[in-house]
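Dear colleague,

Please find below the structure for your records. My findings follow directly after it.

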Amino acid sequence: MEMRFGGIAYETKDRKEGGGSGVIQGPLRQSRRRHGCVKWMRYIFNAVSAVALACLAIEGTARAVGYSPKQWIQPYRREALQDIVTWDEHTVFVNGERVFLYSGEVHPYRLPVPDLYLDVFEKIKALGYNCVSFYIDWALLEGKPGVYREDGVFALKPFFDAAQKAGIYLIARPGPYINAEVSGGGFPGWVQRINGTLRTRAEDFLKATDLYAASVGKTIAAAQITNGGPIILVQPENEYTQALSSIKPFPDPAYMTYVEDQLRDAGIIVPLISNDASPKGNNAPGQAAAVDIYGHDGYPVGFDCANPTVWPDGKLPTNWKNLHLQQSPNTPYSILEFQGGSFDPWGGPGWDKCSVLVGAEFERVFYKQLYSFGVTVFNIYMTFGGTNWGNLGHPGGYTSYDYSAAIREDRRVDREKYSEQKLQANFFKVSPAYLTAARGSASTTAWTTTADLSVTPAVDQKTGTKFYFLRHSKYNSLASTSYKLKISTSAFGNITIPQLNDTSLALNGRDAKVHVSDYNVGGATLIYSTAEVFTWHKYADRTVLVLYGGPGETHELVLGVTGYETLEGTARILATRGYTLINWKADGERKVVKVGINDFIYVYLLDRNQAYNYWSIDTAPHSSANSVILKAGYLVRTASVSGKTLSLTGDMNATTSIEIIGGAPANLSKLTFNGEDFSFKVTKSGTIMAKIDYPKPRLNIPQLNTLKWKYIDSLPEIQPGYDDSKWTPASLKKTYNSLRPLTTPTSLYSSDYGYHTGTLLYRGTFTATGSESTISLSTQGGSAFGMSAFLDSKFLGSFRGYDAATNGNSLFTLPNLTAGKKYVITVVIDNMGLDENWTIGTETMKNPRGILNYTLSGRNQSAITWKLTGNLGGEDYVDISRGPLNEGGLFIERAGLHLPGALGAKGVEWKDSTGPVKEGLKGPGIGFFATEFQLGLPSGYDIPLSFSFANSTSTGSGTATPAYRVQLYVNGWQYGKYVSNVGPQTKFPVPEGILDYHGSNYLGVAVWGLDGGEMKVEGLELGVDGVIWSGVGKVGVVEGEKYGGRKAVY
């Protein structure tokens, strides 16, 4: 056994535990503020408050290395607009301090319960993130052209306030185009009527965006960090990357300049950042219409959740660093969207399989590859997905937008990928040398003893810290590869590790590592570690260092400190000449070694599964100066110290022993968790131990099939004598839609008449000659749509729908008709949302919804006179509280019978019923079942609930499965669209706030039978998905419109 501790002297470098030198001082700061003072007054920027913000940040920020930025903001031929958020080629600076913006994507509109925003932010903060990126959906804010509404659940300020409270920076992404798997890609439905090409310099399109841009821009501007808010970056447009060859020029500087100037004119002065869909360099600095900071996106394994274990060859990015140096070398390497999960289409395999495709293994291999490139603005899409409630989703996806993200749709954090992300993000909070480390080239020969592995080195020239990003050369290898690592150290020179000759390292399949050498730990030097760093902190009485390795792996570290004591577990330890070597196995047994003589380092050696239960919680926003490190259970949210009291908040799903290994006040006298006192003991090693009891409550959840239900027909349109005089005549002889010319005498495109969402109904009246035998209908509603047709009250048939079908052609046989008699064809179409518009020039957002063509045998098309309807009022939608998309054209929606209070409405022909499961429908058509139930769930708990359908759906055409569609309304909110013959979704989570956990709830179930004969919903239950004692806080019921007897109902 050869040991090379040598007698080489090593000079440790103390890390600053406070402000950095990157804050501009004196005349430079003042001159920057004097210049352009008129603009600054216009934007209501207060220089004094900005200085105060900067000073506060300097005082509170630790573990960051500050340098003066090399490049100042020079946007759009203007002088610098502010000096709070700046950048150089390495990182963004906030108040002069370098930051790694570790960000997660969250969409506030997919969680219409503002009281739950803080819950999501705290769970993201607990991961070690410091930032959240968010889209804003134009379609929800300007449902009627010229009328901008940003209030109630659509107000942005509560989202901003929650981020500020949690200590989270924000990246605002207002579009106006956002994609985001939302209806129209964020464009309101009335944009279909714009003649010009969307996302171009077309004058009518640009004018259409003006009110939205000015209004939302004003809201964003007020919440910028320069005004004391959390927003530090803003992204104009979205993935402005791909266009048809006919779109010239592309990228178009005139268009992008217009979009950018809209934001600047609204008062936005923080840097603008881009998200090229792939690293093409579009709108990078140095080009026309450049943003301030160039960024791009990446979804390398795609969305093939049906084959979740398949990682195709060639999907790991290898040249992105070089592309960045070519395209934008003076800005920090920024990835504004990187794959954090996967969307799943109608008929898809479901979120469980997507969670395998983009799980913890994916995070380890792909994210660590990005770290090897030096990414320092990193946003993971999605980190919390949420729900496509109220028809807000695009037709390619269903109600759930779980996305297999780290945080589930129902906000649970029990996926392994959440814990893996916690390990990774916390490493960067304590590794400032990463931010400026120069990246080397990947090599299969220079750094390891096997060509089966590839290593990318990075060295910070100022501190000497070195990082070694290691992966399999064949990135998707399943092999377990034995190796030794060849590294450079200041203490021993070039060495091969592990140094114990009878040991070696191993990289398992689909894994990756970040090894370090000459790594500063509170003034001491970690000469090297093959185990990965979770976190460390230097406290007054000790330094705590937490390292981890994969289960079963052997690891080795050397600290530039002498003296040791093994406190727990078994490890091989050698100490000589001022150095201590620890060789250990990650075998499930925790090892704790106390290293040093006077200034002790407590080294915690864990396997990865153990490390998942450790937390490093900041005690102040944007500051790790006094973090608390502890072993705990399900979730730790916050920590605060006041005198001799340590207060923790978090979530527990079982009785849990916690151990505080650093950050508790000396002579601790009081420990609280979620406001309750808990007894504790101090161990011999000085840690704090406590048992947090989990008081599991008894729950009484109603059985839906035992409730008293009411029923009403929701397709009265097919009944004799129905009056359609208030319907909209389909009288336009020319469509406003510039994409598809008419093939009918008058337009039957719903958006021509202001109906953009939910169910569409058409009534065509004709006088028979007696020779008519068939009618063919070509209808379009988007992926997985369905359609039913009736002649008067007789069912003709349905297009049942299947996953890939965006439109359908149906031929129906007519009964013998009586010459001279009037007949009515009623057509019901399920509009699944409007298509997105990703490739510019395709105009796919304008794909119409409704009837594309029809033929009545033996007759001219003009023989039929059509009317149509959708949601009551169309663009003058009546339920302002739930926005322009929540309601479609079903009778019960137009009448407001899905709203709370409707069961007591006078004049409504409710009938007693046993419900959709026991009674169902007597034949094809649409019926509405409604009931009320009480919930009395205990306060202080987070109890995710969901409505579940019992049957198993099929994919493809689904011909073997009964075809019916269900829409769920919970207290008026449309919170589920279930398609029995397509799937895959059968479970529909509904959050507290939409459900009243402490009172009465109104449940509406609209059932549409598409097959002939009777049908029943095969099962519908309300279930509990978790019972968590929580620090989430009080969640109020979201107020929405109640039933009030709508006027002009038809």
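Leaving aside its neighbours within four places in sequence, R1046 is in contact with eleven residues, named here in full: L872, V878, D879, E887, E893, R894, A895, G896, H898, L899 and E1041. Please note that the model is a predicted one. R1046 belongs to the segment that follows strand 56 (1028-1029). With a relative accessible area of 14%, R1046 is buried, since the cut-off for that class is under 20%. Two of the contacts of R1046 are polar and run from side chain to side chain: one to E887 at 2.6 Å, the other to E1041 at 3.5 Å.

A second arginine, R608, is found in helix 13 (residues 608-611). R608 also counts as buried, at 9% relative accessibility. Beyond four places in sequence, the residues in contact with R608 are R364, E420, L423, D511, K513, Y548, G549, G550 and P551. From R608 to A950 the separation is 342 residues in sequence and 38 Å in space, C-alpha to C-alpha.

Turning to the domains, the assignment for the chain gives domain 1 (97-429), domain 2 (432-633), domain 3 (704-708 + 892-1030) and domain 4 (716-876). The C-alpha centres of domain 1 and domain 2 are 33 Å apart. In the interface between these two, 41 residues of domain 1 are in contact with 37 residues of domain 2. The area buried between domain 1 and domain 2 is about 3,400 Å², and carbon and sulfur atoms give 57% of it. K368, L423 and F427 supply 21% of the area that domain 1 buries against domain 2, more than any other three residues.

The polar side of this interface is as follows. Four salt bridges are found across the interface of domain 1 and domain 2. K368 forms a salt bridge with E532, in which the closest N and O atoms are 2.8 Å apart. Between domain 1 and domain 2, 21 residue pairs are in polar contact. On the side of domain 1 that touches domain 2, helix 4 (117-126), helix 11 (360-373) and helix 12 (416-429) each supply at least two residues. That side of domain 1 has 18 nonpolar, 11 polar and 12 charged residues.

For the model as a whole, the count comes to 51 salt bridges. Side chains of opposite charge can pair when their charged atoms come close. Three pairs may serve as illustrations.

R98 and D88 meet in a salt bridge at 2.6 Å, N to O. R98 lies in strand 3 (residues 97-99) and D88 in the loop between strand 1 (85-87) and strand 2 (92-94), so this pair ties together parts that are 10 residues apart in sequence. R98 is buried at 4% relative accessible area, and D88 is buried at 2%.

D876 forms a salt bridge with K144, the closest N and O atoms being 2.6 Å apart. D876 is placed in the loop between strand 46 (865-869) and helix 14 (891-894), and K144 in the loop between helix 5 (138-141) and helix 6 (157-166); the pair therefore ties together parts that are 732 residues apart in sequence. D876 is partly exposed at 46%, and K144 is partly exposed at 30%.

D161 and K157 meet in a salt bridge at 2.9 Å, N to O. These two residues are four apart in helix 6, so about one helical turn separates D161 from K157. D161 is partly exposed at 39% relative accessibility, whereas K157 is exposed at 52%. Elsewhere, salt bridges that share partners join D119, E122, K123, R411, R637, D651 and D942 into one network.

With kind regards

How values were computed: Residues are numbered from 1 along each chain as its sequence is written. This is a predicted model: local features need pLDDT of at least 70, side-chain atom pairs count only at pLDDT 80 or more; totals for chains, interfaces and linings use all residues. Side-chain values use heavy atoms; hydrogens and water are left out. Domain bounds come from an automatic or database domain assignment. Contact means heavy atoms within 4.5 Å. Buried area is the accessible area (1.4 Å probe) that two parts lose on being put together, summed over both. A salt bridge is a side-chain nitrogen of Lys or Arg within 4 Å of a carboxyl oxygen of Asp or Glu. A polar contact is a pair of N or O atoms within 3.5 Å; within protein, one must be able to donate a hydrogen and the other to accept it, and residues adjacent in sequence count only if both atoms are side-chain atoms. Ala, Val, Leu, Ile, Met, Phe, Trp, Tyr, Cys and Pro count as nonpolar, Asp, Glu, Lys and Arg as charged, and the others, Gly among them, as polar. Buried means under 20% relative accessible area, exposed over 50%, partly exposed in between (1.4 Å probe, protein chains only).
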